Amino acid sequence: MDLHNTAYEVKEGVALLTVNRPDKLNALNRATLEEIGLALDEAELDGSVGALVVTGSGDKAFIAGADIGEIAELDAGAGRRFALFGQNLFRRIETFPKPVIGAINGFALGGGCELAMACHMRLASETAQFGQPEINLGIIPGYGGTQRLSRLVGRGIALEILLSGDRIPAQRAYEIGLVNAVVPKEELVTRALALGARLASKAPLAARYILEAVQAGVEMPMEEGCYLEATLFALSCASEDMKEGTKAFLEKRKPSFRGR
Ligand code: COA
């Protein structure tokens, strides 16, 4: 892959994608969004990758938002295309068939907070700050922020964050359920990779079905969600991993899953 705004490497079954424009606080311009798409393609197709960690380079920022220089040029038509492009990419992260962990190492503002929310889970460094400051620019979030924030933290707190544009520190983000854990800055990526490795060691097909059941099911009425769950449960019963997992338990040994 020919990457300029991101870095991508695989470490022990976990792909690490780093948004890499530290001089612009890793702001998401169009080229960076396209590279994230390429990295997702790579991580999805690579059978040796069982989980993905997304972080930002440098000391200060995870991602300080969409690129305001590009936003400044938008009119209504271009604005709609801009939002749909980012929304589709972030929906790809949300529906990614392998666990995606956001390692939030600093400012996660605007599109950065939206990208973090599209990840399946989030670890934040003690110095991370979250916010949707679009209102201060006279716009609204366009990469799913108005939808995912209220689903994650509830309507009242989401509206406070969206309407004030204020930044909230990592500890508060943890208290409202925006992040799964807060960890010391120097341990963040190691801890995220270790979590990724642990998740990657689980049965890959079952992981995929859990992700699908939760991500699709959360938008469905309970009855349809349970129908989906039963269908995916049936598929998991047809897998070699199910035979191996149950046999290993009965034989009192560790299972060896193959994702089939
Ligand atoms: N888009 C484009 N460039 C951005 C950016 C963004 N979202 N966020 C930061 N940058 C750039 C700055 O313009 C600056 O570039 P320069 O050195 O060429 O002037 C560089 O990154 C460093 O940012 P700076 O503002 O000098 O850092 P700071 O530590 O003083 O402030 C922030 C950090 C995050 C508070 C501030 O950069 C900020 O408010 N950024 C915008 C956040 C935002 O509104 N995001 C939502 C966009 S929809």
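Of the 18 residues that surround the ligand (a residue being near a molecule if one of its heavy atoms lies within 4 Å of it), Lys-24, Lys-60, Ala-64, Ala-66 and Ile-68 come nearest. The model is a predicted one, in which local features need pLDDT of at least 70 and side-chain atom pairs count only at pLDDT 80 or more, whereas totals for chains, interfaces and linings use all residues. Residues are numbered from 1 along each chain as its sequence is written, and side-chain values use heavy atoms, with hydrogens and water left out.

Polar contacts with the ligand, taken as pairs of N or O atoms within 3.5 Å, include one in which a polar side-chain atom of Lys-60 lies 2.5 Å from a ligand oxygen atom. A backbone N or O atom of Ala-66 is placed 2.9 Å from a nitrogen atom of the ligand, and a polar backbone atom of Ile-68 is likewise 2.9 Å from a ligand nitrogen atom. Of the 860 Å² of accessible area that the ligand has on its own, the protein covers 61%, as computed by the Shrake-Rupley method with a 1.4 Å probe.

The protein chain is divided into domain 1 (6-200) and domain 2 (204-250), with bounds that come from an automatic or database domain assignment; their C-alpha centres lie 27 Å apart. Seven residues from domain 1 and four residues from domain 2 take part in the contact, defined by heavy atoms within 4.5 Å. Between them the two domains bury about 530 Å², 57% of it on carbon and sulfur atoms, where buried area is the accessible area (1.4 Å probe) lost on putting two parts together, summed over both.

Terms used. Polar contact = N/O pair within 3.5 Å; in protein donor to acceptor, adjacent residues only side chain to side chain.
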